[in-house]
Amino acid sequence: MSRPLPPLNALRAFEAIARHLSFSRAADELHVTPAALSHQIHGLEEQLGVALFHRRSRAIELTGAGRLIYPGLHAGFESVRDAVGRLDRAREDRFLVISATPGLTAKWLVPRLWRFLTAHPGIDARISANMRYADFITDDVDVAIRLSDGVHPELHVEKLIDDSVLPVCSPRLVEEGLRRVDDLRRFTLIHYDIPMSAPSPPQWAEWLRVAGATSIDATRGLRFNVADHALDAAVAGAGVSLTFKLMASDDVRSRRLVIPFGPELPITEGAYHFVCPRGHETRPNVRAFRDWLFAEMAETRAQWATVRIEVG
């Protein structure tokens, strides 16, 4: 007849102490006091009828009986840890937290995200829209789309797409006489004030200089601190916005916005990058999002090839 098993907590205490060969380190791991562990081991030794540790003045050692039962108990608890770890990994692969700027989130990511979720119904996406770069340790973020120089040595980084700025407006403004760059002096300039921490795209003053229209006051007009608000104002006919090309993609394709004239100026200080913690790029949910993101960016790039400047 087999003897009844000792209490699981006592066996767990023995395994931790034997692994560390220290009551204090095992107590830290198990969040109990060394005295509590000593009491559990005393009870376990009484139930088994053998001593499990030799107590020395500054150390402990396993007895012959302790060495006999430790490998099996260690393997058993490792199996338990691995089983729980598989559950945690499965939970991690279900949720995907995506970080992007508010403007890119509202104008480009959200209108497309349903396609990713339809293709991957087992993934629940969470969007974290913020102008600052996500901290992957403290913000609980899995992946990010960053407009940056791409230098993030501690992270896995892949370049997605270059971007540029160009003027856009409601078709109504073209009907009202916005035909040439010089006509801008009669229309409201819509500004997007970039946070100092972000790569700075060309602003109206630089654009007007390149366009040869330095006599137009580049400081006047309507200002926003969120890019999608500036675009929404342009859609409503409030003025002409100098905007990120990527963010304007859907509004231009749907003709809610038109490009009245050039030039288009590249953003030289950065590009959009796919970013995640180094080593996480192989996780199934991260890999799935990464592949989908690159495909969507390629489609957006192809759509721009068919867009024409409205006037000249």
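## A tour of the predicted model

Start by selecting R19 and E15, whose side chains form a salt bridge with an N to O distance of 2.9 Å. The model is predicted, and the tour runs from this pair to the sheet, the cores and further salt bridges. Both residues belong to helix α1 (residues 8-20), where four residues, about one turn of the helix, separate R19 from E15. Colour the pair by accessibility: R19 is partly exposed at 28% relative accessibility, whereas E15 is buried at 1%.

Next, show the strands β7 to β11. They make an open sheet of five strands in the order β9-β8-β10-β7-β11, and the pairing is mixed. Look at the two edges, held by β9 (222-224) and β11 (265-266); each has a single partner strand, so one side of each has no neighbour in the sheet. Inside the sheet, select β8 (residues 189-192) and β10 (residues 240-244), which run parallel and are joined by two bridges. On β8, I190 stands opposite S241 in β10.

Keep the sheet visible and add helix α8 (residues 227-235). The helix lies across β7 (164-168), β8, β9 and β10, and runs at about 165° to β8.

Now turn to the nonpolar interior. Select L184, W204, W207, Y272, F289 and L293: these have the most contacts inside the largest nonpolar core, which has 62 residues. Helix α10 (residues 284-304) gives the largest share of this core, seven residues. Centre on L293 and display its surroundings; leaving aside residues up to four places away in sequence, L293 touches W108, I145, L160 and F274. Another core, of 21 residues, lies apart from the largest one, and F14, A27, L37 and I41 are among its members.

Return to the charged side chains. The whole structure holds 24 salt bridges. Select R283 and D142, which form one of them, with their closest N and O atoms 3.5 Å apart. R283 sits in the loop between β12 (271-277) and α10, and D142 in the loop between β4 (124-129) and β5 (143-148), so the pair ties together parts 141 residues apart in sequence. Both R283 and D142 are buried.

For another pair, select K159 and D162, a salt bridge whose closest N and O atoms are 2.9 Å apart. K159 is partly exposed, with a relative accessible area of 47%.

Finish with R112, R115, D250, R253 and E296 selected together: salt bridges that share partners join these residues into one network.

Terms used:
Residues numbered from 1 in each chain as written. Predicted model: local features only at pLDDT ≥ 70, side-chain atom pairs only at ≥ 80, totals over all residues. Heavy atoms only, no water. Pairing = 2+ DSSP bridges. Contact = heavy atoms within 4.5 Å. Axes fitted to C-alpha atoms, helices over the stretch in contact; angles between N-to-C directions. Core = buried A, V, L, I, M, F, W, Y, C linked by side-chain atoms within 4.5 Å. Buried < 20%, exposed > 50% of the residue type's maximum accessible area, 1.4 Å probe, protein only. Salt bridge = Lys/Arg side-chain N within 4 Å of Asp/Glu carboxyl O.
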